[in-house]
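Let's take a walk through this protein chain together. Keep the 3D view open while you read, and click on the residues as they come up.

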Amino acid sequence: MARKDLHEANRLTWNAATAAHESHKGGQARFLREGGSTLFPEELALLGPLAGKRLAHLQCNAGADSLSLAARGARVTGVDISDVAVDRARALSRDTGLAATFERADVLDWLQEAPECRFDLAFSSYGAILWLSDLGAWARGLARVLAPGGRFCLVEFHPVLGLFEPGPDGRLQLTHPYGGGVHVQTPGVGDYVAQSGEGLVPWGYEEGVKDFRNPHPDHSFQWGLADVVGALLAAGLTLERFEEYPYANGCRLLPGMREVGPRRYALAEDVPALPLMYALSARR
């Protein structure tokens, strides 16, 4: 059952976090206007040709990825729960001249209210799944809004990342069970953009807000891979592709992560290799 009360609490933590994140991205509009893209190769390979495709970008955050998709010819509708994120996305669309529609909504509500069979593609990425309290409703909503033959594409941090936290000596320690329900964190969503620097701001990181501490707690849902894939299959979608990667794009999510490719980060050399990211495609 969806926990809309916790979703609403998360809206507040994301409003605060997004303002901090955006303070580091001053040159973003110029970067996009000049043909830059915030998308990674794994996403583009999964999505395939975009020209003319009707695309729903779910949990789109502040819109840079949505507009990068629009620049490749997609007709994009971005949806996010954060008021601040959607306001920033709309402003970025105006400042870049890249057209997209942005709607402020809880994604579970939006999937039930949007017109049926409207989209050729639905897309989510990087830290989206853990904010969903009801994967069954989410997957059924995806099946509802996709046109026949339409695909849902997901590139996501691997749930194994949610099992670990830095210990007192800085080394990683196992702290959370796999598939272990609701996790409450105080303070809430942090400034992972400051932590990752040019990994997420390739046009030139700006210092912006310093030492951000979110005044609102966040509530995440620790879903495993079987939960995600099982929900999609139960909704009648057909899994067409599944990949795992021993690195994460853009974010240094844990101490000691090292760059192993352009804006691509793996765990420290003295840590066993683990899957840090996965991708899937499911077709209606």
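## Sheets, helices and cores

Start with the smaller piece of scenery: three strands make an open sheet, ordered β11-β13-β12, and their pairing is antiparallel. Because β11 (248-249) and β12 (258-261) each have a single partner strand, they stand at the edges, and one side of each has no neighbour in the sheet. β11 pairs with β13 (residues 264-266) in the antiparallel sense over two bridges. If you want to see one such pairing up close, look for Asn-249, which stands opposite Arg-264 in β13. One thing to keep in mind throughout: what you're looking at is a predicted model.

Now turn to the sheet of seven strands. This open sheet runs in the order β3-β2-β1-β4-β5-β14-β10, and its pairing is mixed. Here the edges belong to β3 (101-104) and β10 (238-245); each has a single partner strand, so one side of each is left without a neighbour in the sheet. On average, neighbouring strands of this sheet are turned by 15° against each other, ignoring direction. Zoom in on β1 (residues 54-58) and β2 (residues 75-80), and you'll find them pairing in the parallel sense over five bridges. Leu-58, for instance, has Val-79 in β2 as its bridge partner.

Helices pack on this sheet too. Helix α7 (residues 135-145) touches β1, β4 (119-125) and β5 (146-157), and its direction makes about 140° with that of β5. Helix α9 (residues 225-234) lies across β5, β10 and β14 (277-283), running at about 10° to β14.

How many of the eleven residues of α7 are buried? Eight of them are, so the helix is mostly covered. Among the buried ones are Leu-135, Trp-138, Leu-142 and Val-145. The buried residues of α7 pack against β1, α6 (107-113), β4, β5 and α9. Take a peek at the start of the helix as well: there, a side-chain oxygen of Asp-134 comes to within 3.1 Å of the backbone nitrogen of Gly-136.

What about the greasy interior? In soluble globular proteins, nonpolar side chains tend to be buried together. In this model, the largest nonpolar core has 31 residues, and Trp-110, Trp-138, Phe-152, Val-228 and Leu-232 are the ones with the most contacts inside it. At least two residues of this core come from each of β1, α6, β4, α7, β5, α9 and β14. The largest share, six residues, is supplied by α7. Val-228 makes a nice example to click on: leaving out residues up to four places away in sequence, it touches Ile-129, Leu-135, Trp-138, Leu-154, Trp-223, Tyr-278 and Leu-280. There is also a second, separate core of 28 residues, which includes Phe-40, Ala-70, Phe-157 and Cys-251.

Two loop residues deserve a visit. His-158 sits in the loop between β5 and β6 (164-166), while Cys-60 is in the loop between β1 and α4 (64-71). Are they buried or exposed? Buried means under 20% relative accessible area, so His-158 at 7% counts as buried, and Cys-60 at 4% is buried too.

Here is how each of them is placed relative to another residue, going from C-alpha to C-alpha:

| Residue pair | Apart along the chain | C-alpha separation |
|---|---|---|
| His-158 and Thr-238 | 80 residues | 21 Å |
| Cys-60 and Glu-103 | 43 residues | 9.7 Å |

Next, look at who they touch, not counting residues up to four places away in sequence. His-158 touches Leu-225, Glu-244, Pro-275, Leu-276, Met-277 and Tyr-278. Cys-60 touches Ser-66, Gly-78, Val-79, Asp-80 and Phe-102.

Last stop: a pair of helices. Helix α1 (residues 4-22) and helix α5 (residues 83-96) pack at an angle of about 40°, and their axes are 7 Å apart. That angle makes α1 oblique to α5. Where they meet, Arg-11, Asn-15, Thr-18, Ala-19 and Glu-22 are the α1 residues, and Asp-83, Val-84, Ala-85 and Arg-88 are the α5 ones. It helps to know that an α-helix has 3.6 residues a turn, so residues three or four places apart point the same way. Try looking down α1 with that in mind, and follow Arg-11, Asn-15, Thr-18 and Glu-22, which are among the residues meeting α5.

Notes. Residues numbered from 1 in each chain as written. Predicted model: local features only at pLDDT ≥ 70, side-chain atom pairs only at ≥ 80, totals over all residues. Heavy atoms only, no water. Pairing = 2+ DSSP bridges. Axes fitted to C-alpha atoms, helices over the stretch in contact; angles between N-to-C directions. Contact = heavy atoms within 4.5 Å. Buried < 20%, exposed > 50% of the residue type's maximum accessible area, 1.4 Å probe, protein only. Polar contact = N/O pair within 3.5 Å; in protein donor to acceptor, adjacent residues only side chain to side chain. Core = buried A, V, L, I, M, F, W, Y, C linked by side-chain atoms within 4.5 Å. Parallel < 35°, antiparallel > 145°, perpendicular 65-115°, else oblique.
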